[in-house]
There are 2 protein chains.
Amino acid sequence: MSSTYGDQMTTIKDVAKVANVSTATVSRVLNNSDKVRSATRERVNTVIQELNFIPNAAAVGLQRKKTKTVGLIFPDASAYCFAEIIQGINRHLSQNDHQILISSAHDEAEEIKIINGFVRGGRIDGLIMMMPSANGNNGFRIPLAYKIPEVFISCEINAPRSTTILLDNYNAATEMMEHLSKLGHKRIAFIHGGEHNYDAHERYRGYMDGMKAYPTDGELNLVVMGNFTESSGFQATLELMKRNPRPTAIFAANDAMAIGAIEAARALKLRVPADLAIVGFDDISSAAYMDPALTTVHVPLRRLGHLAAEAMLKNLKTNPADRTTEKIIIPLQHIIRRSCGSE
Amino acid sequence: MSSTYGDQMTTIKDVAKVANVSTATVSRVLNNSDKVRSATRERVNTVIQELNFIPNAAAVGLQRKKTKTVGLIFPDASAYCFAEIIQGINRHLSQNDHQILISSAHDEAEEIKIINGFVRGGRIDGLIMMMPSANGNNGFRIPLAYKIPEVFISCEINAPRSTTILLDNYNAATEMMEHLSKLGHKRIAFIHGGEHNYDAHERYRGYMDGMKAYPTDGELNLVVMGNFTESSGFQATLELMKRNPRPTAIFAANDAMAIGAIEAARALKLRVPADLAIVGFDDISSAAYMDPALTTVHVPLRRLGHLAAEAMLKNLKTNPADRTTEKIIIPLQHIIRRSCGSE
DNA sequence: CTGAAAGCGCTTACAG
DNA sequence: CTGAAAGCGCTTACAG
């Protein structure tokens, strides 16, 4: 039991001295080199245990040019979902002896600055980016010429040799439209989550194509812009219900806005689903406890995180030249509850 | 504009060569030493810009024995609140040129292992721990003899020279009890969040003392154990409503359980608040959009994170011998809405 | 199988 | 004000 924490770091030299070997040998047992006599190995390992020795990460990193840490960039927006994704990433990464360096950014300039610092400062071996707002036409371009593995979550950057992990938002949304259509709805409104948000945009695309595919009332524009908050869902619904003719169903791009929509319906004395069907997206934990229980699309956030970590680890192990460009699309499942009006 | 990212890291040597000075001089301008002629400084800075040079963190860390990174340990439980706290910490820390290395743990053994790795591996300069489950009697003891600054969130470890940041759960809970009592309730039930959870326990203490301080119906035990999830709040409420006499109000230790309780009341055809008042704790974003809108206690999570980061930065700057033991208690504010029945 | 030595990219007394 | 040199704690050819 070592007891002098803090004051003086124990180094490989201390171990070497006590075990009566050279630092090279200690390093070899540390790195499981096969060229160490097993008696020596045992002796050294005992001393390592006794001294509670852990190699200095900076020294190892300086030599190996590997930090065993992965950078994680996520948006400043405080969405509940990031916590879950991070948990999923962390679990898998830490089981595989990798650390996570996180940072959040609220705009592109900050993002680039952070990434640059991480990469050029040699702080990370790979980068996982959650940037739902890096969607298409807003011109987001991070410097992608780094030679480290990149995993993108919820954005289509299409960087060569990178892995992109996407939710199958589009198909889930069209299926939701089909469901609503089968229930007889012809005037289905959509509350958007933000033009530059990838997930919101894909859900919107699915909505639009659903509107074309299924019988609808003419050329009504029933799309209102929200921002993923309950309050924006509330406001959007108030606005939509002023339309003439009114929509008979609302598809909110996430559950928080759907919850705001339900509250707005109540404020307007409309019964959900009898007067107005409302559906969401995400399946947050409270969705089943709303009144009425919310019909939505389940998003497996931990699994998303796990897949990102898995992809990262795999790329970390493969030679840069052998890395492929991959796109992983996670199929999504409906959760039919009461708010849509099916029984 | 450098364009050879990745392949070859630019080092201080490259800068020195181009600027026609020694590496020592480059290092001096990097560290804002005053003993550099301003002409030299400018020339070097220009080259640094041109080469987009950022010092290798491992090399700097190895020399300085400072990593400019703070470790952040949080529980595996996927609570929404951690995301907010992390945002608060990150914002302040990154503005002050510090990184965050995160990891989550699901038990004490794992926690100790992670911390040990961080500290002895020299990966961090300070440690912020969110461990609401490290409450009192479950014997949690991490090795605290490290000489690095420690900030604890929502747990009372009382480590010397550490900073502890706590919510004023107790007083907020007694005030909530007073509020309920003033509304005429004498049989107030409590849904606990977990015996070993610090916040839950303090809220429970406030509840208990409130039950003593205000007129109540005899010696009824109206406490049921939950686990902070909607479903546990739902179950607890079902159980409580079998009691005879029934409680007239339920105080849930968090909003998620209060939401579950509201749903349970609906299932039992009880009107909230007319038949049963329900209040929560946290003020999550959807609390205002429940039916009825949830009376609760607002918890300023970002501010909590900000305070933790602030304390960390302060301790990082002060000599270990001059560090004091501090406890910061954040006062909490009620949000009276409709679910408690006050109008 | 093991050790002496060089070197990873920085910083910092020490001289000048 | 500036540079040459040592050293932070490791790893890894190179010899033996």
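How do the residues of the surface near DNA strand D divide into nonpolar, polar and charged? I counted 11 nonpolar, 10 polar and 7 charged. For this split, Ala, Val, Leu, Ile, Met, Phe, Trp, Tyr, Cys and Pro count as nonpolar, Asp, Glu, Lys and Arg as charged, and the others, Gly among them, as polar.

**Ground rules**

I am working on a predicted model, where local features need pLDDT of at least 70, side-chain atom pairs count only at pLDDT 80 or more, and totals for chains, interfaces and linings use all residues. Residues are numbered from 1 along each chain as its sequence is written, chains are lettered from A and ligands numbered from 1 in the order in which they are written, and side-chain values use heavy atoms, with hydrogens and water left out.

**Strand D**

I looked up who sits around DNA strand D and got 28 residues, the closest being A:S27, B:T25, B:R28, B:T40 and B:Q63. "Near" here means that a heavy atom of the residue lies within 4 Å of the strand. Of the strand D atoms that come within 4 Å of the protein, 64% belong to sugar and phosphate.

Next I asked which elements supply this surface. At least two residues each come from α2 (23–30) and α4 (57–64) of chain A, and from α2 (23–30) and α4 (57–64) of chain B. The largest share is from α4(A), with 5 residues. Helices are DSSP runs (H or I, at least four residues) and strands are too (E, at least two), numbered from the N terminus.

Then I went through polar contacts, meaning N or O pairs within 3.5 Å; within protein, one atom must be able to donate a hydrogen and the other to accept it, and residues adjacent in sequence count only if both atoms are side-chain atoms. On the bases, a polar side-chain atom of A:R28 is 3.1 Å from a base nitrogen of strand D, and one of A:Q63 is 3.5 Å from a base oxygen. On the backbone of the DNA, B:S22 puts a backbone N or O atom 3.0 Å from a phosphate oxygen of strand D.

**Strand C**

For DNA strand C I found 27 residues around it, with A:T25, A:R28, A:T40, A:Q63 and B:S27 the closest. Sugar and phosphate again make up 64% of the strand C atoms within 4 Å of the protein. By class, I have 10 nonpolar, 10 polar and 7 charged residues here. The largest share, 4 residues, comes from α4(B).

B:S27 has a polar side-chain atom 2.5 Å from a phosphate oxygen of strand C, while A:R37 uses a backbone N or O atom at 2.9 Å from a phosphate oxygen. A base nitrogen of strand C is 3.4 Å from a polar backbone atom of B:A59.

**The two copies**

I laid chain B on chain A, by least squares on C-alpha atoms of residues with pLDDT of at least 70 in both. The fit took a turn of 180° and a shift of 0.0 Å along the axis, with an RMSD of 0.0 Å. The copies are thus related as by a two-fold rotation axis.

**Salt bridges**

I searched the whole structure and got 28 salt bridges over all chains (a side-chain nitrogen of Lys or Arg within 4 Å of a carboxyl oxygen of Asp or Glu). One of them joins A:D282 to A:R203, with the closest N and O atoms 3.6 Å apart. A:D282 lies in the loop between β9 (277–279) and β10 (296–298) of chain A and A:R203 in helix α8 (residues 198–213), so the pair ties together parts 79 residues apart in sequence.
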